[in-house]
Amino acid sequence: MGQMLRGHFVQERQLAGFARPLVSEGSFLLVPGTGLIWRGEKPFANTTVITDAGILQLANGTEAMRLPSSRLPGLSRLYEVLGSALSGDVAPLRQAFSVSSSGQADEWKIELTPLKNSGVGSAQLKSMTLEGSRFVDDVVIDQGNGDVDRIRFLDETVAQTALAPDEKKLLETMRP
Amino acid sequence: MMRVAQGLWLAAVVLACVYLAFRFDQGISFQSNILALLPRSQWDLGAQRAQDKFADALSHRVVFLVGDPAAEKAEQAARKFSRDLVQSGLVTKLTSKASGLEKIGAAYFPYRGGLLSVADRDTLLAGNEQRLVDRALAMIYAPGGIADARLIARDPFLLFPQYLMSLPVPQSRLAPDGDLLTVRDRGLTYVLVSAELAGDPYALAFQDRFNAFVAQDTVAMTKDAPNLKLLRTGALFYAAGGAHEAMDESSFIGFTSLAATLGLIFLVFRSQRPILLSFLAIGIGILTGFAGTLALFGEIHVIALLFGVSLIGIATDYCLQYFCEYFDPEARTSNERLARVFPGIAVGILSTLIGYFALLLAPIPGLREVAVFSLIGLAGSVLTVLLWFPTLDVSRPPVAAARALRLAALHWSLWESPSLRWLRVGLVVAAIVLGALGFMRLTIDDDVRHLQSLPQPLVAEEHAIEKLTGYAAGAQFLLVRGSTNEAVLETEERATDRLAAAHRDGLVQTFTAISQFVPSAARQESNRTLVRRLYPYQANYLAQIGYQGAPDPNPSMRAMTAADLPPNGPLAVLPLLDVSSDRHPAHIILLGGVTNREALAARTADTSGVRLISLADQWTALFGEYRRYAILLLALSVLLMYPLFVSRYGFLRGAKVLMPSLAAVALTPPLVALMGIDFTFFSAMALVLVLSVGVDYAVFCNETMGARKPITSLAIALAAVCTILSFGMLAFSGVFAVHAFGATMFVGILLAFLFAPASGDGRKREGLRA
């Protein structure tokens with residue numbers, strides 16, 4: 001799949017030691033091969049841009065954090081993982097994960113566990129489970145230390161229109 | 001009396017031989033570090049000491065990049081190379097181990113209370129606490145977030161990860177891959193292997209061992225990876241290249257001048273005895289010079305050796321004076337021969353020794369070594385001539401040299417014959433005109449970058465490594481000093497503020513300082529105070545994210561010091577930057593990509609305790625200073641020699657004896673400038689030699705008269721040819737400094753020879769005395 005994907009998400013982060021999960025909602029844009037723009041809208045506006053150059057976070061419109069992938073090489077792997085997970089293209093994931101799939105074509109489930117020396121680091125990720133029909137509907141990320149992320153995707157569509165200029169700018173910001 | 005003197009000299013020579021044999025057995029260390037020749041800074045011992053320490057530490061570093069199109073092959077080869085290096089004992093430790101931020105983070109973590117990134121510090125100072133709160137929220141909610149409950153308990157606003165991420169990375173282009181640092185460029189993956197040498201990078205023996213090891217291991221690595229590419233840089237490689245060049249040249253020059261000298265002597269005298277005896281005198285000179293220098297200095301510098309080997313040219317002057325007496329039918333016995341030339345040789349050697357003595361007064365270690373070598377060596381040669389030649393050279397072989405003598409007589413005619421007056425005048429006028437022309441072209445060039453000629457392949461590899469790793473070589477840096485380590489850190493922080501501003505203005509690209517990794521205690525205390533501004537926001541924030549339980553920051557209240565950190569990864573550079581000696585704390589701030597040195601110096605000038613040092617400019621200034629020194633020494637030599645000549649020749653005549661040399665010294669730089677060679681410190685050194693040799697020629701002329709004059713001028717002509725053959729060879733050197741020296745000698749000796757008889761002959765002196 002090489003087409004851009006847009007949609008909404010509802011993310012529940014259950015961190016060990018916290019009373020209730022942290023819930024955020026927003027929209028996302030996936031441009032395969034370029035990057036991912038994750039716009040949280042509730043409880044407050046913040047934007048995360050992940051490309052192979054690194055992670056950029058904006059809070060209230062101003063830059064909050066900029067992390068180039070040269071600092072943490074695991075980051076570019078993370079990007080690959082996220083991109084593949086969202087686009088449903090699991091082939092590149094086989095290099096770093098052991099993949100077990102079940103279900104049929106329109107109701108499938110894939111479970112990923114990091115391979116020993118994959119560089120992703122078993123410390124950061126214990127397993128990742130994706131469920132979907134036409135697109136990915138549900139992702140559960142178990143970080144192995146008691147923290148679990150559950151993301152539900154809604155209203156996914158293959159984008160018909162081109163990138164908006166501000167979106168393009170966000171994707172290019174981290175480039176040297 | 002004579003016997004006793006001969007016996008004593010024999011004993012001295014034997015002693016020298018035994019001493020040298022003993023030293024060779026123990027292993028002689030040849031110094032090849034050019035810096036060892038330079039004077040130590042006298043006006044600022046502290047700065048000099050700190051710089052020396054830094055230069056020493058830098059020179060012990062060696063950097064390799066092991067590259068291959070296949071990443072696994074490159075990594076495998078790099079690991080093997082690293083293992084072998086450690087096993088060989090040639091390095092004390094490897095400095096190329098990557099260290100993930102986790103390990104470094106663990107070391108910093110207890111002290112996080114006093115650590116803030118520069119950006120966060122500025123935000124809090126400006127009163128924008130809300131921004132940090134918002135950012136913490138964003139980080140917690142974002143996908144792939146770094147936050148977890150444990151961290152939030154101890155660092156609620158996630159300030160510590162920000163600090164870690166803000167640490168500068170010296171080798172910015174390299175990325176950690178497991179425990180290796182790698183970079184990919186144009187289809188090749190390069191892996192870094194760097195280490196600290198266990199031996200002296202300037203000792204020839206260690207250089208050879210290390211280079212042999214690298215060559216051997218490269219063969220082994222290439223077997224498994226045929227497309228392997230190995231890049232290297234480090235002071236050791238430059239020094240080895242330079243030393244070998246100097247040694248090769250000195251053997252080439254030594255051999256050629258020896259061969260030419262001996263060939264010439266044979267041609268003129270058609271007998272082996274002059275060759276054998278000259279060889280003996282020269283050989284003993286070099287032997288005693290070598291032994292004396294080793295005894296006094298403990299080691300010998302290859303430059304001193306290079307000059308010493310060229311000693312051959314000068315020592316032959318005295319031998320030739322003696323042997324040309326073969327042409328004198330009235331000098332039948334060896335004692336008579338010696339008696340005739342003794343005054344000339346005596347005055348000549350005394351004046352030359354005075355000339356070299358002036359070199360001893362220079363505050364330059366290198367010059368002193370050269371002076372000692374030359375003084376002892378020349379004295380040894382002359383003592384051999386004076387004490388042993390008469391005994392060894394008993395009968396006189398038949399020599400016919402009528403034609404040569406006729407030619408030699410022409411030299412006198414040039415200056416004495418009335419009919420050749422036009423030629424004399426023409427010669428002097430031509431010399432003055434050329435001199436004036438050359439004077440207009442004469443430029444002084446002290447730039448050390450022009451004096452050195454670094455081997456091109458090495459320079460190319462160094463640039464490649466710099467480009468690939470982003471690591472700057474350390475030719476320019478700030479030296480920061482203070483009364484205590486804490487004072488130095490605080491001064492550094494002021495300096496880095498200036499540098500950050502300079503960076504924004506494009507004056508400097510990168511800078512690395514210890515204080516960027518180890519803030520001063522004052523800074524850490526200030527950070528602790530600033531963080532307290534976030535406390536009012538804490539309750540709301542924790543409620544918002546639903547954090548149960550009480551936060552438990554409990555960081556260490558003790559200020560962190562460099563000793564608390566492991567020297568891994570980006571911290572590996574820290575020991576290099578600390579150049580403190582006991583009771584004199586000092587740090588270095590490395591600078592990279594300086595575009596405007598003066599502007600940068602102006603920016604940092606008003607911070608006391610901080611000084612911008614540019615090594616190349618410093619050496620250039622030193623070379624300039626010592627060029628001026630050499631010229632002063634030249635003047636001093638003349639002044640010291642004059643009383644000797646006055647005592648023998650009287651005031652006027654004494655001055656006339658100096659004329660040919662002074663004319664040569666004055667005319668040579670402009671004439672050499674016409675050849676396109678700028679005037680440098682090395683040209684000035686050559687002039688010192690030209691003065692001594694020229695004075696010898698004039699003295700020989702003034703000690704001869706009547707029928708002996710052609711004999712003397714023949715001897716001088718032969719001496720000049722031999723000297724030009726030996727020093728003229730230096731003009732072919734690839735090293736610009738040596739090339740300039742050789743060209744100056746060539747022209748200077750030629751002029752001194754040409755003008756020598758103009759100072760008159762011995763008859764006038766006899767007339768004076770009578």
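I'll start in chain B, with B:Tyr238, which sits in helix α10, residues 235-269. This is a predicted model, so what follows is computed from predicted coordinates. B:Tyr238 has a relative accessible area of 18%, and it is buried because the cut-off for that class is under 20%. What does B:Tyr238 touch, once its neighbours within four places in sequence are left aside? The contacts are B:Thr233, B:Leu454, B:Pro455, B:Leu458, B:Val459 and B:Glu462. There is also a distance to note: B:Pro201 is 37 residues from B:Tyr238 in sequence, and their C-alpha atoms are 9.6 Å apart.

A second position in chain B is B:Leu181, in strand β5, residues 180-185. B:Leu181 is buried as well, at 12% relative accessibility. Along the chain, B:Leu181 and B:Thr469 are 288 residues apart, yet 9.5 Å separates their C-alpha atoms.

Those two pairs can be set beside the figures for the whole chain. Take the contacts in chain B between residues at least 6 apart in sequence: 83% of them join residues at least 24 apart. Chain B has 770 residues, and 55% of them count as buried. Its secondary structure comes to 30 helices and 12 strands.

Next, one of those helices in detail. Helix α5 of chain B covers residues 118-125, and its buried residues are B:Asp120, B:Arg121, B:Thr123 and B:Leu124. Viewed down the axis of α5(B), the buried residues fall within an arc of 160 degrees, so they line one face of the helix. What do these buried residues pack against? They pack against three helices of chain B: α6 (129-141), α8 (159-166) and α21 (521-531). Just after α5(B) comes B:Gly127, with a positive phi of about 85 degrees.

Helix α21 brings me to the salt bridges. Over all chains, the structure holds 23 of them. As background, side chains of opposite charge can pair when their charged atoms come close.

In α21 of chain B, the side chains of B:Arg528 and B:Glu525 meet in a salt bridge, 3.5 Å from N to O. Those two residues are three apart in the helix, so about one helical turn separates them. The general point is that an α-helix has 3.6 residues a turn, so residues three or four places apart point the same way. Are the two partners buried or exposed? B:Arg528 is buried, at 8% relative accessibility, whereas B:Glu525 is partly exposed, at 41%. Elsewhere in chain B, salt bridges that share partners join B:Glu325, B:Asp328, B:Arg340 and B:Arg708 into one network.

Another pair is B:Arg337 with B:Asp393, where the closest N and O atoms are 3.1 Å apart. Which parts of chain B does this pair tie together? B:Arg337 lies in helix α14 (residues 334-360), and B:Asp393 lies in the loop between α15 (365-392) and α16 (402-416), so the parts that are tied together are 56 residues apart in sequence. B:Arg337 is buried, with a relative accessible area of 0%, and B:Asp393 is also buried, at 0%.

A further salt bridge joins B:Asp185 and B:Arg186, with 3.2 Å between the closest N and O atoms. Here B:Asp185 counts as partly exposed at 24% relative accessibility, and B:Arg186 counts as exposed at 74%.

Now the interface. Chain A gives 28 residues to the contact and chain B gives 29. The area buried between the two chains is about 2700 Å², and carbon and sulfur atoms give 59% of that. How many salt bridges does the rule find across the interface of chain A and chain B? The number is zero. Residue pairs in polar contact between the chains number two, both at pLDDT 80 or more. On the side of chain A that touches chain B, the elements giving two or more residues are β1 (5-14), β2 (22-31), β4 (46-51), β5 (54-59) and β6 (62-68). That side of chain A divides into 15 nonpolar, nine polar and four charged residues.

Last, one position in chain A. A:Thr129 is in strand β9, residues 127-132, and is buried with a relative accessible area of 16%. Not counting residues up to four places away in sequence, A:Thr129 touches A:Lys109, A:Ile110, A:Glu111, A:Asp138, A:Val139 and A:Val140.

How values were computed:
Residues numbered from 1 in each chain as written. Chains lettered and ligands numbered in written order. Predicted model: local features only at pLDDT ≥ 70, side-chain atom pairs only at ≥ 80, totals over all residues. Heavy atoms only, no water. Buried < 20%, exposed > 50% of the residue type's maximum accessible area, 1.4 Å probe, protein only. Helix = DSSP H or I, 4+ residues; strand = E, 2+ residues; numbered from the N terminus. Arc of directions from axis to C-beta. Contact = heavy atoms within 4.5 Å. Buried area = accessible area lost by both parts, 1.4 Å probe. Salt bridge = Lys/Arg side-chain N within 4 Å of Asp/Glu carboxyl O. Polar contact = N/O pair within 3.5 Å; in protein donor to acceptor, adjacent residues only side chain to side chain. Nonpolar A, V, L, I, M, F, W, Y, C, P; charged D, E, K, R; others polar.
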